[in-house]
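I opened this notebook to record a series of look-ups in one structure. The entries follow the order in which I took up each topic.

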Amino acid sequence: MFVPSTFPNFSGVEVFVGVKSAKVIYGGRSGCCVGVDQISFEIPAGVTGCYVPVVVRSGGTLSNFVSIAIASAGGHCSDTAPRCLSAS
């Protein structure tokens, strides 16, 4: 297995959590696994919820949206789950 001896950050990688820009700590090759890239970021202050959207922008292109649960005290989320409305 070949792992690069240096791990340069990918330039221009942005992460958005909810509606806030997150501080990107690292975006580049994984130190453990060949062919795996990773992005490490800090959750912006004041962002909480059970279904907080996260998106990455790189080279002007947006990734798919995912959601993460964020509780300021590190406990359980209290949001209600999104529901589909049924037609009746």
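**Entry 1: Overall make-up**

I began with burial and found that 18% of the 88 residues of the protein count as buried. The model is a predicted one. I then looked up the secondary structure, which comes to zero helices and six strands. Read from the N terminus, the elements run β-β-β-β-β-β. For the surface, I noted an accessible area of about 6,500 Å², with 57% of this belonging to carbon and sulfur atoms. I also looked up contacts between residues at least 6 apart in sequence; 41% of them join residues at least 24 apart.

**Entry 2: Strand S1 and its partners**

I next asked which strands pair with S1, and in what direction. S1 and S4 run antiparallel and are joined by four bridges. S1 is also antiparallel to strand S2 (residues 20–29), with three bridges between the two. For individual partners, I recorded that Phe16 has Ser21 as its bridge partner in S2, and that Glu14 has Arg57 as its bridge partner in S4. The hairpin of S1 and S2 has two residues between the strands, and Gly18 takes a positive phi near 65° there.

I then examined the side chains of S1. In a regular strand, side chains alternate between the two faces of the sheet. S1 shows such an alternation: Val15 and Val17 point to one face and are buried, whereas Glu14 and Phe16 point to the other and are not.

**Entry 3: Nonpolar core**

Which residues make up the largest nonpolar core? I found seven: Val15, Val17, Ala22, Val47, Val52, Val54 and Ile70. S1 and S4 are the elements that give two or more residues to this core. I followed Val52 further and left aside residues up to four places away in sequence. On that basis Val52 touches Val17, Gly18, Val47, Val66, Ser67, Ile68 and Ile70.

**Entry 4: Salt bridges**

I searched the whole structure for salt bridges and obtained two. One of them joins Glu14 and Arg57, whose closest N and O atoms are 2.7 Å apart. This pair links distant parts of the chain, with Glu14 in strand S1 (residues 14–17) and Arg57 in strand S4 (residues 49–58), 43 residues apart. I had already noted Arg57 as the bridge partner of Glu14 in S4.

Are the two residues of this pair buried, partly exposed or exposed? Glu14 has a relative accessibility of 31%, so I entered Glu14 as partly exposed. Arg57 also has a relative accessible area of 31% and is therefore partly exposed.

In the other salt bridge, Arg29 pairs with Asp37, and the closest N and O atoms are 2.5 Å apart. I entered Arg29 as partly exposed because its relative accessible area is 40%. Asp37, at 42%, is likewise partly exposed.

**Entry 5: Ser30**

My last look-up concerned Ser30, which lies in the loop between S2 and strand S3 (37–42). Why does Ser30 count as buried? Its relative accessibility is 5%, and buried means under 20%, so Ser30 meets the criterion. I then looked for a polar partner of this residue. The Ser30 side chain reaches the backbone nitrogen of Cys32 at 3.2 Å.

Methods: Residues numbered from 1 in each chain as written. Predicted model: local features only at pLDDT ≥ 70, side-chain atom pairs only at ≥ 80, totals over all residues. Heavy atoms only, no water. Salt bridge = Lys/Arg side-chain N within 4 Å of Asp/Glu carboxyl O. Buried < 20%, exposed > 50% of the residue type's maximum accessible area, 1.4 Å probe, protein only. Contact = heavy atoms within 4.5 Å. Areas by Shrake-Rupley, 256 points an atom, 1.4 Å probe, with all protein chains shown as cover. Pairing = 2+ DSSP bridges. Core = buried A, V, L, I, M, F, W, Y, C linked by side-chain atoms within 4.5 Å. Polar contact = N/O pair within 3.5 Å; in protein donor to acceptor, adjacent residues only side chain to side chain.
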